[in-house]
Amino acid sequence: MKFNYDVIVIGGGHAGCEAAAASANMGAKTCLVTMDMNKIGQMSCNPAVGGIAKGQIVREIDALGGQMGLVTDKTAIQFRMLNIGKGPAVWSPRAQCDRGKFIWEWRTVLDNTPNLKIWQDQADKLLVENGEAIGVRTIWGVELYAKSIIVTAGTFLNGLMHIGRKMVEGGRCAEPAVHNFTESITRWGITSARMKTGTPIRIDKRSVHFEDMDVQDGDSDFHQFSYMGPHRVLQQLPCWTTYTNKEVHDTLKEGLADSPLFNGQIQSTGPRYCPSIETKLVTFPDKEQHPLFLEPEGEDTNEMYLNGFSSSMPMDVQLNAIRKIRAFRDVEIYRPGYAIEYDYFDPTQLKHSLESKIIKGLFFAGQVNGTTGYEEAGGQGTIAGINAAIYCNNGEPFIMKRDESYIGVLIDDLVTKGVDEPYRMFTSRAEYRILLRQDDADARLTEKAYHLGIAKRDRYDWWIQKKQAVDELIQFCEQMPIKAKDINSQLEALGTTPLRAGCKLIDLIARPHLNLQNLAEIIPALKEKLHMPENRKEEIAEAAEIKMKYKGYIEREKIVAEKMHRLENIKIKGRFNYAELHEISTEGRQKLDKIDPETLAQASRIPGVSPSDINVLLVLLGR
């Protein structure tokens with residue numbers, strides 16, 4: 001059998017779901033190929049979305065018209081805004097989700113997306129003709145043809161799971177690995193390598209002594225992921241915290257000889273920032289305890305996730321060790337933790353559109369690019385889906401800059417620097433953090449998404465209403481006069497210095513101890529202004545306050561970004577034969593020849609390319 005589409009997406013994980021929804025919403029006839037229609041959007045590890053920097057990515061997906069934020073809000077069983085005690089540049093939303101409801105919400109979204117068909121099957125071979133991807137053949141012999149192909153196969157490509165010395169082929173627990181497909185791609189010159197990730201033990205909550213742990217409740221305020229979605233639909237549940245101890249560590253150390261991470265069984269590299277419990281013991285031998293977080297998997301299940309106890313140790317070692325913790329002394333488990341090795345493809349062989357430099361019309365997104373995390377995958381999937389649809393119509397690729405989004409930082413890091421371990425996003429990776437806040441993702445991206453056609457009219461209209469309301473509130477604060485004699489006693493009561501002379505309200509908001517809420521209690525006109533009829537009025541107030549309070553920092557960072565844009569505008573791809581530029585260092589020549597950067601700014605970010613190498617290129621460009 002043969003079928004024809006505009007876009008084919010291989011894999012129904014977080015990257016695949018966003019890619020399929022994006023391309024279909026842009027009008028491309030799309031086919032999502034997945035091994036199991038009942039596990040679309042499966043949360044293979046922790047059923048949580050967001051976190052430090054990751055939450056910003058989800059906000060950006062939402063602002064671009066993607067679905068992860070909406071699906072998360074509808075299935076969240078706990079929401080927290082992390083880093084709220086720090087500056088807004090690092091505030092990061094995070095939600096614990098109901099794993100089962102998350103899957104079915106995604107299925108509902110995709111089932112109701114126009115132009116999208118789901119095909120339950122397994123890709124076996126990439127079809128290439130004259131250097132261009134034209135389709136895939138499945139294990140059932142079905143041939144699917146398209147103008148562009150997106151590979152989002154996650155951990156399934158030649159996946160191999162480890163529990164102690166036991167090895168089982170698979171892409172996830174109880175799910176088969178995908179063979180042959182990697183080889184059908186690498187035969188064309190695309191390079192692949194191996195990475196490793198892992199997941200913790202799953203616990204039966206009926207066997208837990210919760211009285212021996214500390215409770216961690218969620219937030220009850222207005223924050224959520226999507227500006228369009230519902231608020232706190234499901235029952236909100238607590239998480240719990242505890243710690244490992246010396247007995248736990250001693251038990252685990254006794255089993256290190258059978259750990260695949262340390263006996264040579266696993267050769268690939270695992271995630272640095274989400275290490276297994278056995279890696280923590282070896283890396284930090286002097287630490288007497290490590291924090292653990294027990295998190296619910298859903299409203300109606302007894303299954304709980306033990307965050308911080310990822311492991312591939314033998315089953316008996318994992319269980320014996322965990323029972324040394326007082327709260328888990330009688331614990332029963334559903335399954336042990338395990339590690340998984342899988343294939344990924346060198347992301348430096350991609351363009352910023354996530355299209356392959358080697359095979360035209362072939363796009364990659366998610367863990368196959370060497371990343372880790374649902375959010376990083378979803379962000380890549382969104383961009384790959386947009387660009388695959390654009391490719392079908394011979395349009396200009398949609399490229400995200402580093403000062404526009406964390407997704408832009410992520411993709412630029414991947415294609416410019418490559419990876420030697422699973423890549424995870426952090427706020428520290430972004431040089432323009434104050435411009436990439438979680439509260440202003442819509443301001444940065446919604447209008448772009450609307451003009452692309454992926455963000456629909458209702459989302460655009462809401463953004464315009466919010467923008468107008470924010471601007472009006474700022475204008476009010478800029479014009480509202482404050483007299484010292486009318487407010488000084490109240491300012492002193494709030495712990496801030498009294499005024500020497502009158503000022504505008506915006507000058508008070510700039511003070512560290514003051515905000516719109518506490519000022520509204522002492523300024524009746526402001527209190528009346530904040531009683532606005534608009535939907536999401538708390539979001540409007542927060543967005544306005546941040547823009548006023550951090551105006552100087554924001555403007556300064558914009559100036560820095562504009563300077564970098566000058567280098568971004570200098571195109572160098574195809575202008576040099578780097579091997580012959582002996583004025584440049586040997587390492588610089590090799591790295592520039594391998595990456596073949598699009599712009600001088602991208603060249604400046606390549607590891608091994610020095611500032612003097614960039615100066616040489618500038619001089620040569622001047623000639």
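**View 1. Arg-137 and its bridge partner Glu-143 in strand E10, within a four-stranded sheet.** In strand E10, Glu-143 is the bridge partner of Arg-137. This is a predicted model, in which local features need pLDDT of at least 70 and side-chain atom pairs count only at pLDDT 80 or more, while totals for chains, interfaces and linings use all residues. Residues are numbered from 1 along each chain as its sequence is written, and side-chain values use heavy atoms, with hydrogens and water left out. Strand E9 (residues 132-138) and strand E10 (residues 143-145) pair in the antiparallel sense over three bridges; two strands pair if DSSP finds at least two bridges between them, and helices (H or I, at least four residues) and strands (E, at least two) are DSSP runs numbered from the N terminus. The open sheet has four strands in the order E1-E10-E9-E8, with mixed pairing. Strand E1 (2-4) and strand E8 (123-129) stand at its edges with a single partner strand each, so one side of each is left without a neighbour in the sheet.

**View 2. The open sheet E4-E6-E5 and the helices in contact with it.** Three strands with antiparallel pairing form this open sheet in the order E4-E6-E5. Strand E4 (48-50) and strand E5 (76-82) stand at the edges, and because each has a single partner strand, one side of each is left without a neighbour in the sheet. E5 and strand E6 (residues 92-97) pair over six bridges in the antiparallel sense, and Arg-80 stands opposite Arg-94 in E6. Helix H2 (residues 54-63) packs on the sheet and touches E4, E5 and E6, its direction making about 85° with that of E6. Here contact means heavy atoms within 4.5 Å, and angles run from 0 to 180 degrees between N-to-C directions, with axes fitted to C-alpha atoms, for helices over the stretch in contact. Helix H3 (residues 68-75) lies across E4, E5 and E6, running at about 115° to E5.

**View 3. The start of helix H4 and its buried residues.** At the start of H4, a side-chain oxygen of Asp-98 reaches to within 3.2 Å of the backbone nitrogen of Gly-100. The buried residues of H4 (buried means under 20% relative accessible area, exposed over 50%, partly exposed in between, with a 1.4 Å probe and protein chains only) include Phe-102, Ile-103, Trp-106 and Leu-110.

**View 4. Two aromatic pairs, Tyr-273 with Phe-426 and Tyr-450 with Tyr-460.** A search of the whole structure finds nine aromatic pairs, where rings of Phe, Tyr and Trp (its six-membered ring) pair if their centres lie within 6.5 Å, and planes under 30 degrees apart count as stacked, over 60 as edge-to-face and the rest as tilted. The rings of Tyr-273 and Phe-426 have their centres 4.6 Å apart and their planes at 75°, so this pair is edge-to-face. Tyr-273 is partly exposed, with a relative accessible area of 42%. Tyr-450 and Tyr-460 form a stacked pair, with 4.0 Å centre to centre and 10° between the planes. Tyr-450 lies in helix H11 and Tyr-460 in helix H12 (residues 457-479); Tyr-450 counts as partly exposed at 23% relative accessibility, whereas Tyr-460 counts as buried at 13%.

**View 5. The surroundings of Gln-265, in the loop between H6 and H7****.** Gln-265 is buried, with a relative accessible area of 18%. A polar contact of 2.9 Å joins the side chains of Gln-265 and His-162, a polar contact being a pair of N or O atoms within 3.5 Å of which, within protein, one must be able to donate a hydrogen and the other to accept it, and residues adjacent in sequence count only if both atoms are side-chain atoms.
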